[in-house]
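Work through the exercises below with the model open. Each task is followed by a stepwise solution.

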Amino acid sequence: MSPQGAPTTADVRDYWNRHIHDLEITKHPVGSPGFFADLDQYHFEKLHHLLRLVDFDGYRGQMVLDVGCGAGGAGTDLMRFARGGAIVTGVDISSSAIALARQNFEQQHLAADLREADGERLPFEAATFDLVYAHGVVQYTASDATLVAECVRVLKPGGEAVFQVYNRVSWLNALSKLMKVPLEHAGAPVLKKYSAAEFRTLLNSFREVRLVEERFPVKSRLHGGWKGVLFNTFFVGTFNALPRSMVRRFGWHLLAFCKK
């Protein structure tokens, strides 16, 4: 912490070197093919909407940057862009996440420029990338406005950006308080939640922003006990039986599709 008590970049880096998303869902040795296959499967079980909303195959021959590429688990999303023919670069503040991403790409025989770097200080020239993808990183960084500004800087004119943050007015935020179950990474140095209006304000330097509320309840493999049974057996089915038009605004994730 800084003398004033505000989280520093070093605090954020230290935390994410010790906490990588979703490692608990696999029994395979870390870094093994089975380990990476389990991370990929679980990631897209939980975030199945990404396969519908993000055109991973639509950037063949284009320059794609994933900021916080370890946040989804060892470069999982970046791997999809690479398989689609994009020229991919990934940065993460965590050296352990970058090490895992490198292993994953090596095992899949895919090329990527993977670097340990801070999203608030991207080591790239202005107007380098056609797409900047920052899923699950804005809410954890010390200065969200600085990170977004860096993403804008490295985008080519007319380039696209995809951001994801947590929705404060969401089913999961409310359920966490009701059931007294902490949110994932509640102990991170920074964990921000946004209203849709606040998120739009953060992105006001883009000429076009489209917001999508997503991430509705799916069965959890990480929580046991009576609370886990109650969630998986009753809550998931009941919530998802409601018309989406009624509950859309309460999605846990706010995704922004932006154009520079």
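Buried means under 20% relative accessible area, exposed over 50%, and partly exposed in between, with a 1.4 Å probe and protein chains only. This is a predicted model: local features need pLDDT of at least 70, side-chain atom pairs count only at pLDDT 80 or more, and totals for chains, interfaces and linings use all residues. Residues are numbered from 1 along each chain as its sequence is written, and side-chain values use heavy atoms, with hydrogens and water left out.

**Exercise 1. Take stock of the chain.**

Task: State how many helices and strands the protein chain has, and what percentage of its residues count as buried.

Solution.
- Step 1. Helices (H or I, at least four residues) and strands (E, at least two) are DSSP runs, numbered from the N terminus. The protein chain has ten helices and seven strands.
- Step 2. Of its 260 residues, 53% count as buried.
- Step 3. Turn to the surface. Accessible areas come from the Shrake-Rupley method with a 1.4 Å probe; for residues, only the protein chains shown count as cover. The chain's accessible surface is about 12,000 Å², and carbon and sulfur atoms hold 56% of that.
- Step 4. Contact means heavy atoms within 4.5 Å. Among contacts in the chain with a separation of 6 or more, 78% link residues 24 or more positions apart.

**Exercise 2. Trace the pairing of strand 5.**

Task: Find which strands pair with strand 5, and in which sense.

Solution.
- Step 1. Two strands pair if DSSP finds at least two bridges between them.
- Step 2. Strand 4 (residues 129-135) is parallel to strand 5 (residues 155-166), with six bridges. Phe 129 has Leu 155 of strand 5 as its bridge partner.
- Step 3. Strand 7 (residues 253-259) runs antiparallel to strand 5, with seven bridges. Here Val 162 is partnered by Phe 257.
- Step 4. Now follow the connection. Strand 4, helix 6 (residues 144-154) and strand 5 form a right-handed β-α-β unit. Right-handed means that, with the strands pointing away from the viewer, the path from the first strand over the helix to the second runs clockwise.

**Exercise 3. Compare the crossover at strand 2.**

Task: Give the sense of the pairing between strand 2 and strand 3, then the hand of the crossover.

Solution.
- Step 1. Strand 2 (residues 87-92) and strand 3 are parallel, joined by four bridges.
- Step 2. Thr 89 sits opposite Asp 113 of strand 3.
- Step 3. From strand 2 the chain passes through helix 5 to strand 3, in a right-handed β-α-β crossover.

**Exercise 4. Map the nonpolar cores.**

Task: Identify which residues touch the most other members of the largest nonpolar core, and which helix supplies its largest share.

Solution.
- Step 1. A nonpolar core is a set of buried Ala, Val, Leu, Ile, Met, Phe, Trp, Tyr and Cys residues joined through side-chain atoms within 4.5 Å.
- Step 2. The largest core has 29 residues; Leu 65, Val 67, Phe 163, Phe 199 and Phe 206 touch the most other members.
- Step 3. At least two residues each come from strand 1 (63-67), strand 4, helix 6, strand 5, helix 8 (196-202) and strand 7. Helix 6 gives the largest share, five residues.
- Step 4. A separate core of 25 residues includes Val 54, Cys 69, Ala 82 and Ala 86.
- Step 5. Check helix 6. Its buried residues are Asp 144, Leu 147, Val 148, Glu 150, Cys 151, Val 152 and Val 154. Their cover includes strand 1, strand 4, strand 5 and helix 8.

**Exercise 5. Examine the cysteines.**

Task: Count the disulfides, then decide whether Cys 151 is buried or exposed.

Solution.
- Step 1. A disulfide is a pair of cysteine sulfur atoms within 2.5 Å. The structure has zero.
- Step 2. For Cys 151, the nearest cysteine sulfur belongs to Cys 258, 9.6 Å away.
- Step 3. Cys 151 is buried, at 0% relative accessible area. Cys 69 is buried too, at 2%.

**Exercise 6. Inspect the loop after helix 5.**

Task: Determine where His 109 lies and what Leu 110 contacts.

Solution.
- Step 1. His 109 is in the loop between helix 5 (95-107) and strand 3 (113-116). Its phi is positive, near 55°, in a residue other than glycine. His 109 is exposed, at 73% relative accessibility.
- Step 2. Leu 110 is in the loop between helix 5 and strand 3 and is partly exposed, at 27%.
- Step 3. Leaving aside neighbours within four places in sequence, Leu 110 contacts Met 79, Ala 82, Arg 83 and Phe 105. The C-alpha atoms of Leu 110 and Ala 82 are 7.0 Å apart, with their positions 28 residues apart along the chain.
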